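Visitor: Before we discuss this model, could you put it in view and then take me through the reasoning behind each term you use?

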Amino acid sequence: MATAVSLSRRGLFQVVGGALIVRFALGQTKSLDPSEVDSFLAIHADGSVTIYTSKVDVGTGLATAFRQTAAEELGTPVERFSVIAGDTAVTPDHGGTGGSSGIPRGAADIRRAAATARQGLLDLAAKRFNRPASEFTITGGVVIHPGGQTATVASLVGNKQFGLKLDPKAALKDPRTYAIVGKPLPRPDVTAKATGKHPWLQDLTLAGMLHGRVVRPPSIGAKLLSVDEASIRAIPEVRVIRIESFLGVVAKDEWAAVRAAREIKATWSDWQGLPGSEGLAQFVRNAPVDKDQTVAMKGDFAAGIASSAKQLSATYYWPFQSHASLSPSCAVADVNDSGTTVWSATQNPYGVRANLAKVFGLPLEKVRVVYMDGSGSYGTNGADDAAADALMLSRAVGQPVRVQWMRADEHGWDPKGPAQLHEMRGAVDTNGNIVAWETQMWVPDGPGGSRALLGPESAGMQQTHGQGAGLMTLNLDPPYPVANMRILSHHLKDTPLRLSNLRAPGKIANVFAVESFADELAHAAGMDPVAFRVRGLTDQRALDVLNRAAGMMDWQPRKSPNPNAAEGDLLVGRGIAYVRYKQAENYVAVGVTLAVNSNTGAITVRRIVCTHDCGLVVNPDGLRNQVEGNIMQTLSRTLHEEVTFDKSRVTSTDWMRYPLLRFPEAPVVQVTLIDRPEEPSYGAGEAASAPVAAAVGNAVFDATGVRLRTAPFTPARVKAALASAAASKA
Amino acid sequence: MIAMPQYKFRVNGAQKTVDSWDPDQPLLYVLRNTLSLRAAKFGCGLGQCGACTVLLDGKAVRSCITPVKQVAGHAVTTLEGLNADPLQTAFIAGQAAQCGYCTNGMIMSAKSVLTQSPHATLEQVKQGLAGNLCRCGTHTRIMNAVMRVANGTKA
């Protein structure tokens with residue numbers, strides 16, 4: 001029932017005169033210490049329960065999984081639970097949201113808090129009824145003694161604090177007795193979103209709020225030379241804010257702000273510091289290296305490859321890609337005498353708070369960041385920069401300011417997932433054993449730390465310039481036994497574009513290279529791609545996902561390419577790819593059937609199957625939604641997406657120049673979840689995305705006998721690859 | 001300030017009169033900021049993504065590129081104007097959203113498709129939604145939800 005959820009949501013957000021305002025539901029006594037139960041859970045007098053967390057939902061269904069997890073341990077109906085996420089005034093900091101950590105770390109903390117609370121409730125009942133705590137159980141929100149004594153959870157602790165430390169030894173429910181975890185539970189936010197009632201960040205309106213837009217420079221490093229304010233005189237009630245090279249406009253009317261930002265005449269210095277995206281693979285290969293890293297080493301690669309009969313080498317390339325969030329980034333900031341509040345869709349409210357405080361020189365305790373749902377972000381998109389923009393403008397005008405970027409701002413200026421180049425070398429013996437394997441990756445990612453925020457950078461403010469893009473070097477090695485292996489990673493000194501974590505950072509390109517190259521070795525060994533993979537695997541969970549995916553595809557063993565590929569102008573094929581995500585988490589296999597039009601180069605993906613094992617499943621329907629999304633989004637990235645730029649700026653700044661997969665191309669997607677209640681849960685926000693590109697590439701090879709090694713697989717690129725293969729045969 | 005031009009049109013069945021200093025102000029801003037109907041979302045301002053879709057005289061339009069002056073005398077329907085529509089029921093039953101920022105546009109575009117072809121085929125639905133982008137990759141569920149209504153299947 002959504003009633004309890006929306007009631008308690010109203011406790012925090014209140015609509016006043018059409019404006020959504022925030023008030024503290026719990027006063028000043030709310031604990032934020034992540035070692036305290038009260039930081040994570042509050043049981044109210046009406047029996048409803050609020051979960052507090054710094055890990056935000058972003059449309060993944062995480063909040064629903066949190067409710068199930070807590071409800072299960074507390075023996076209380078899940079409908080009574082609601083979640084407040086990412087408000088630095090009331091939620092404990094147990095980390096940001098990313099790296100698929102929401103379930104394995106976030107839900108684990110909440111489970112621990114709820115298990116401790118459960119023990120606390122049993123102790124309270126024991127005291128009240130003078131019976132040993134161990135004789136009580138909690139069912140339906142009622143603590144029950146076999147002797148007939150009962151007390152509701154609310155009557156024991158309602159509106160009071162537990163005053164307990166999270167107990168790492170608190171008894172956890174046996175997964176075999178789960179009644180709520182493991183069952184599909186609809187997300188209340190889907191109902192709100194389908195009826196236009198969801199409280200979106202983009203819809204937040206504060207009393208006295210103005211609309212702001214920032215005018216980004218025409219080239220990335222340009223300096224603002226002059227501004228002609230008279231150029232927007234015809235637009236009503238606009239203020240121009242200029243701080244060094246930061247140029248913003250603020251207006252009462254949003255359309256006035258949009259037009260003013262578009263029409264204001266400004267002169268900027270020339271800047272041409274980018275290499276351009278044409279031929280970027282060569283640039284990435286040859287650019288100065290900051291750090292060479294040995295990721296893994298085994299046996300003697302040089303000796304292994306020298307002594308082998310069949311040696312292969314290949315170069316794979318993955319381009320810069322954008323988060324391409326459907327909503328341009330948005331934020332509302334209110335800077336006033338009592339402090340600074342920023343409403344943001346950031347995945348890391350505490351991180352943004354710390355960074356804003358540092359960059360703007362504000363006392364940390366005077367900065368509050370409140371998460372609200374924006375559109376999906378899939379990592380750090382422009383949300384953090386928009387937060388800084390709103391803060392700069394609100395501080396300048398002394399009123400609340402809402403900023404929403406325009407489309408070109410988001411595509412042009414969100415920090416990007418970096419390009420990656422992989423050089424692969426390997427060898428197989430006549431039995432199909434991989435006797436030597438080398439991966440060398442070149443990637444322009446740099447030091448970690450906070451990335452520079454756009455607005456403060458333009459305004460000449462001091463800040464750090466972190467260029468981390470996430471865990472880029474995982475899954476560079478094959479998941480199969482290799483006698484002699486060398487995995488190297490070369491981190492470049494500079495990056496042309498600002499970087500950040502983009503869904504499954506590095507792993508999509510790594511698995512594209514590794515699982516495509518494994519397919520090349522299978523071909524060289526004259527083996528069926530599934531047989532080649534399973535023969536070296538001993539982990540039953542790995543074998544299960546591969547064999548079951550093959551079963552879903554009715555896979556008949558044979559070598560690639562497909563001897564019966566021709567279907568009129570089309571060539572049809574199948575491909576498979578496997579990953580043990582991050583070498584230690586989810587087991588995923590993805591299989592693809594597709595057709596390639598040999599005249600146009602267009603790929604039509606007909607069907608994608610996926611088998612997915614992430615251990616214990618919390619919400620099967622929520623998980624399935626995530627897995628389907630991973631697959632479809634990565635198919636889009638594989639077929640269409642590449643950030644382009646010239647010497648000055650990103651040029652793929654709208655949906656025509658940065659196209660996404662559209663409905664007419666959407667294949668049938670079928671997912672099999674393998675639930676293992678006895679195993680810990682891994683997160684599922686990323687893993688299924690990793691094998692998609694390789695599975696598509698392998699299917700294209702099966703269809704055409706031509707190997708695609710550069711993403712995206714655009715029709716022009718496929719056509720050129722087919723023509724070049726035909727020419728070399730002739 | 002001088003009196004602003006006024007535009008009269010129906011919104012969700014009710015007659016409205018709105019001021020706009022600019023006759024070219026897109027309908028999207030008028031709906032969201034003047035009329036506080038915020039289900040339609042800004043996605044691109046270019047008519048390329050569909051997040052802002054509303055019905056104009058029953059047909060899907062991109063409100064982000066529809067000037068308010070063109071709407072005068074016509075009837076606008078927004079997501080708020082639907083009332084337990086079978087499409088909404090199907091989206092909820094099928095959990096056909098991830099972030100949900102595209103959901104408004106998906107439902108309104110599908111409404112337009114099904115108004116013209118109540119028993120649309122899957123191919124017609126795919127073509128009808130071709131101008132609506134979903135970044136989360138929820139295509140399968142969205143298509144299933146719309147087809148459930150097109151096929152007259154109970155949610």
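Guide: In chain A, 25 residues of domain 2 are in contact with 22 residues of domain 3, where contact requires that the C-beta atoms of two residues, placed from the backbone, lie within 7 Å. This is a predicted model, in which local features need pLDDT of at least 70 and side-chain atom pairs count only at pLDDT 80 or more, while totals for chains, interfaces and linings use all residues. Residues are numbered from 1 along each chain as its sequence is written, and chains are lettered from A and ligands numbered from 1 in the order in which they are written.

Visitor: Which elements give two or more residues to the side of domain 2 of chain A that touches domain 3 of chain A?

Guide: They are α10 (349-360), α11 (383-397) and α12 (407-413) of chain A, helices being DSSP runs of H or I with at least four residues, numbered from the N terminus. The C-alpha centres of domain 2 and domain 3 of chain A lie 36 Å apart.

Visitor: Why are α17(A) and α18(A) called oblique to each other?

Guide: The axes of α17 (residues 620-639) and α18 (residues 692-704) of chain A, which come within 9 Å, cross at roughly 60°. Angles under 35 degrees count as roughly parallel, over 145 as roughly antiparallel, 65 to 115 as roughly perpendicular and the rest as oblique, and α17(A) and α18(A) are therefore oblique.

Visitor: Which residues make the contact between these helices?

Guide: I631(A), T634(A), L635(A) and T638(A) of α17(A) meet V692(A), A693(A) and V696(A) of α18(A).

Definitions and conventions
Domains from an automatic or database assignment. Axes fitted to C-alpha atoms, helices over the stretch in contact; angles between N-to-C directions.
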